[in-house]
Amino acid sequence: MLSKAFLYLIILAVSVTAAIPPTKRATCSGGRTTANKACCVWFDVLDDIQENLFSGGDCGDEARESLRLIFHDAIAWSPALIALGQGGGADGSIMAHTDVEMQDPVNNGLDEIIEAQRPFALKHKVSFGDFIQFAGAVGVANCNGGPQIQFFAGRSNESRPAPPGLVPQPTDSVAEILLRIGDAGFLPVQLVWMLVSHTIASQKTTDPCSIRRMTEGTGKMVVFKRAPFDSTPKDFDAQFFVETMLKGTFTPGQGLHSGEALSPYPGEFRLQSDARISRDGLLACEWQDMIMDRGNMLQKFELTVLQLSLLGFDQSMLTDCSDVIPIATGTVADPFLPAGMSMDDIEASCIISPFPSLSAVPGPVTSLSPV
Ligand code: HEM
């Protein structure tokens, strides 16, 4: 027999539960739910791109290029030029006006991903601006330990071409890059937060020679696809911030190309801009901080990419479809020194706090695999 007091507690619990209105979630294809019915279309886009753009949810070339595309579409935004009637911002203009925007050499290498993405946007009748942001957020969530980038939908598909010269180049000085991103509304430290992206990055156009390699054994020259910026290009870890601080001693290709700095490790590529920013008096401590706390690194990156994705748009006019973005799986290692390196190889540049003490992976220096 239930005691009267216990019965009373059950009745109270039932009536309190009944008084709280259930959160209304829209049910979409496959029984998946989202806070807003207008977001249902993005589940269909998600299924399609995971299967047919990202090769079953891989953190591969398309995922990396999709993240780079977010930046190149969005950062071409300058309030003064907008006032003069020029285009720009996260409006998908790089996809709508490829004929114009791809004339700017800074966009070299993005043609393939633009052409690969466009049919999906057309098929699902979503705007180019929305699609670029969505694909970038999904692609990076495919990487081990990837970030959770918020996604807001509802950008119009009307855009004007962005003027050339607004996307930072690897040959730019730190001052020039800070001026450019400052014009787009970012603080200097946010340059470091944006560059968390380079933890999964690689290059193929800055120095096309760096991806030619002699294969061991056969001695044949093979052209690989890309040279990575750190030793773990599929992991959303802090290795990029560690490895950019190692002394540069050689080039992965034949001689230094424009926009390239000496690399610390066979097969690894270092951009001149990354080398400069990591050692800059104003930014070196923030760079080093990215190694100390991965949670902080992820949070700063997520906030900064959200800000990029909203350039030229009012967030309150868009619909929050962030709950469609998959949560990344996989784990990443704590920061380490690549095999054969020691703390003596680190060019610590923050004058107010010591570089964190890291251990090296056992074994001799080995060449990184191209990606
Ligand atoms: C100072 C600012 C930046 C400069 C100068 C810069 C420059 C570059 C360059 C030159 C490449 C190599 C492209 C190639 O030769 O194939 C690259 C790759 C990449 N960048 Fe940046 N970048 C900057 C900021 C960003 C930001 C803010 C993001 C994303 C939010 C980003 C994401 C990427 C990604 C993911 C790749 C790898 C692409 C691939 O592997 O195909 N970059 N960047």
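Me: What makes His198 (NE2) a donor to the iron atom of the ligand?

Reply: In this predicted model, NE2 of His198 is 2.2 Å away from the iron atom of the ligand. A nitrogen atom counts as a donor within 2.8 Å of the metal, so His198 qualifies. His198 is the single donor that the protein gives to the iron. Water is not among the atoms, so the site may look incomplete.

Me: Where is His198 placed?

Reply: His198 is in the loop between α10 and β4.

Me: Why is the pair formed by Ser202 and an oxygen atom of the ligand called a polar contact?

Reply: The polar side-chain atom of Ser202 lies 2.5 Å from that oxygen atom. The cut-off for a pair of N or O atoms is 3.5 Å, so the pair counts. By that cut-off, two further pairs are polar contacts: a polar side-chain atom of His198 with a nitrogen atom of the ligand, at 2.9 Å, and a polar backbone atom of Lys204 with an oxygen atom of the ligand, at 2.9 Å.

Me: How many residues surround the ligand, and which are the closest?

Reply: The ligand is surrounded by 24 residues, and the closest are His198, Ser202, Lys204, Thr205 and Thr206. By class, 11 are nonpolar, 8 polar and 5 charged.

Me: Which elements each supply at least two residues of the shell around the ligand?

Reply: These are α3 (61-74), α10 (189-194) and β4 (202-203). The largest share, 5 residues, comes from α3.

Me: What kind of space does the ligand take?

Reply: The ligand takes the space of the largest pocket.

Terms used
Residues numbered from 1 in each chain as written. Predicted model: local features only at pLDDT ≥ 70, side-chain atom pairs only at ≥ 80, totals over all residues. Heavy atoms only, no water. Near = heavy atom within 4 Å. Polar contact = N/O pair within 3.5 Å; in protein donor to acceptor, adjacent residues only side chain to side chain. 1 Å grid on protein atoms, 1.4 Å probe; cavity = no way out; pocket = protein on both sides within 12 Å on 5 of 7 lines; lining within 4 Å. Sits in = over half its atoms within 2 Å of the grid points. Helix = DSSP H or I, 4+ residues; strand = E, 2+ residues; numbered from the N terminus. Nonpolar A, V, L, I, M, F, W, Y, C, P; charged D, E, K, R; others polar. Donors = N, O, S within 2.8 Å, 3.2 Å for Na, K, Ca; no water.
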